[in-house]
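Please find below a short note with comments on the model, set out as numbered points. It is intended to be read with the sequence and the structure in view.

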Amino acid sequence: MSTLFSNIASLVTNTDGVFAQPAFVVEADKIAWVGEAKNAPAADSRVDLEHKTVIPGFVDSHAHLMFAGDRAEEFSARMQGQSYSAGGIKTTVAATRNATDAQLEANLARLIAEMQAGGITTFETKSGYGLDVENESRSLAIAAKHTGETTFLGAHVVPQEYKDRGEGGTDDYVELIKNEMLSAAAPHAKWIDVFCDRGAFNVEQAREILKAGIAAGLAPRIHANQLENIGAIQLALELDCASADHCTHLTNQDIDALAHSKTVATLLPGAEFSTRSKYPDARKLIDAGVTVALATDCNPGSSYTTSMAFCIALAVREMHMSPAEALWSATMGGAKALRRSDIGHLSVGARADFALIDAPSYIHLAYRPGVNLISDTYIAGRAVTK
């Protein structure tokens, strides 16, 4: 069954250039043809897109959706001058441990619905708010029912019960992550991640954990240099991490090394917005040839947003990306951060994931901040929102 999509104001494919009157055909859940409408092949059915703009579905390569509760009071205090630290995570850990499976899944489903309404067609989500064997494993088992991009983040922070042990508590927790927790989590995860930063895990600890994950068949990614530069970028490249995420504090050597690697720098402007922190220098990264992705970092403490359009607007306004660069980073960049070639673009053979913008061009995503211009989202050629 083939379907022709036509009457399009403008079409962003990320690969095939610009067409005067664009159209495309979807067949068997994939893009089968792209070009000018006058040259379109015969199809079994036709969908009139009412002169809307079509973009590839957003690929959110960094999110923390497995949690319960919220931290609104913490946000309010921070906006009144309290500085952000990773310590606030313990509030969410307590709520997550106390939540039932049904409550965790209902919250996940709510956030997925928000994402899809905003044009996100692929998302990654991490564990990291259980921080014990049972809750890390069950969080990932629930997440795996909704996405293939699941990440084991037992190494988010050291939980309070291990901090209370004193000097050796962190070492004990690292051993737990590498052994019993990893064994329980690995069947439900594709990736392993570590928050390698001040107040979390140092480079040596992160190396041990990531190497254990790799040995268990998980692919590595890393939270790197959000709060300060402790050497996480070098570790990311040493272990061929798919992405180094945050990248707020980088040296020129870090940037040059990233530019000569396959590791994607994933930038998370929602976190800087919500913590009033310094934004990463996206302009310097792009100009150096680094592959950049944008993601929401949706989490209850430091970036409680599911809106990729909002992150695009921040990237353009605060990180000096062009609208075209920001859109690419939120689509193809995210796909590269997940090492996927079947999403993030609308060329022949790609999965038919796309979103319709009720505006003349994609520039309106940044031009009209705070307005959800996504009218419809399609995953594998089928509308999932209306």
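1. The count of salt bridges in this predicted model comes to 26. As general background, side chains of opposite charge can pair when their charged atoms come close. The points that follow take up several of these pairs and then turn to the strands.

2. One of the salt bridges joins Asp376 to Lys52, with the closest N and O atoms 3.7 Å apart. Asp376 belongs to strand β16 (residues 374-379) and Lys52 to strand β4 (residues 45-56), so this pair ties together parts that are 324 residues apart in sequence. Are the two partners buried or exposed? Asp376 has a relative accessible area of 7% and is buried. Lys52 counts as buried too, at 11% relative accessibility. Both values fall under the 20% limit that defines a buried residue.

3. A salt bridge also links Lys126 and Glu124, whose closest N and O atoms are 2.7 Å apart. Lys126 is buried, and its relative accessible area is 0%. Glu124 is likewise buried, with a relative accessibility of 0%.

4. The pair Arg165 and Asp172 should be read beside the previous ones. Their side chains meet in a salt bridge with an N to O distance of 3.2 Å. Arg165 is partly exposed at 49% relative accessibility, and Asp172 is partly exposed with a relative accessible area of 37%.

5. Which residues are linked in a network of salt bridges? Glu149, Lys190, Arg340 and Asp342 are joined in this way.

6. The strands β4 and β16, which hold Lys52 and Asp376, also appear in an open sheet of seven strands. The order of this sheet is β3-β2-β1-β4-β15-β16-β17, and the pairing is mixed. Its edge strands are β3 (30-36) and β17 (382-383), each of which pairs on one side only. Within the sheet, strand β1 (residues 2-11) and strand β2 (residues 22-27) run antiparallel and are joined by four bridges. Phe5 stands opposite Phe24 in β2. In general, strands of a sheet pair through backbone hydrogen bonds, either parallel or antiparallel.

7. Strand β9 (residues 191-196) merits separate attention. How many of its six residues are buried? Six of the six are buried, and the strand is mostly covered. Trp191, Asp193 and Phe195 point one way from β9, while Ile192, Val194 and Cys196 point the other way; all of them are buried.

8. The partners of β9 can be listed in turn. Strand β8 (residues 150-155) runs parallel to β9, and three bridges join the two; Phe152 stands opposite Ile192 in β9. Strand β11 (residues 222-224) pairs with β9 in the parallel sense over two bridges, and Cys196 stands opposite Ala224 in β11. Strand β10 (residues 219-220) is also parallel to β9 and is joined to β9 by two bridges; here Trp191 stands opposite Ala219 in β10. Between β9 and β10 the chain crosses through helix α7 (residues 203-215), and this β-α-β crossover is right-handed.

9. Two features may be kept in mind when the model is viewed again. The salt bridge between Asp376 and Lys52 ties together parts 324 residues apart in sequence. Strand β9 has six of its six residues buried, and its parallel partners include β8, β10 and β11.

Conventions. Residues are numbered from 1 along each chain as its sequence is written. This is a predicted model: local features need pLDDT of at least 70, side-chain atom pairs count only at pLDDT 80 or more; totals for chains, interfaces and linings use all residues. Side-chain values use heavy atoms; hydrogens and water are left out. Buried means under 20% relative accessible area, exposed over 50%, partly exposed in between (1.4 Å probe, protein chains only). Two strands pair if DSSP finds at least two bridges between them. A crossover is right-handed if, with the strands pointing away from the viewer, the path from the first strand over the helix to the second runs clockwise. A salt bridge is a side-chain nitrogen of Lys or Arg within 4 Å of a carboxyl oxygen of Asp or Glu.
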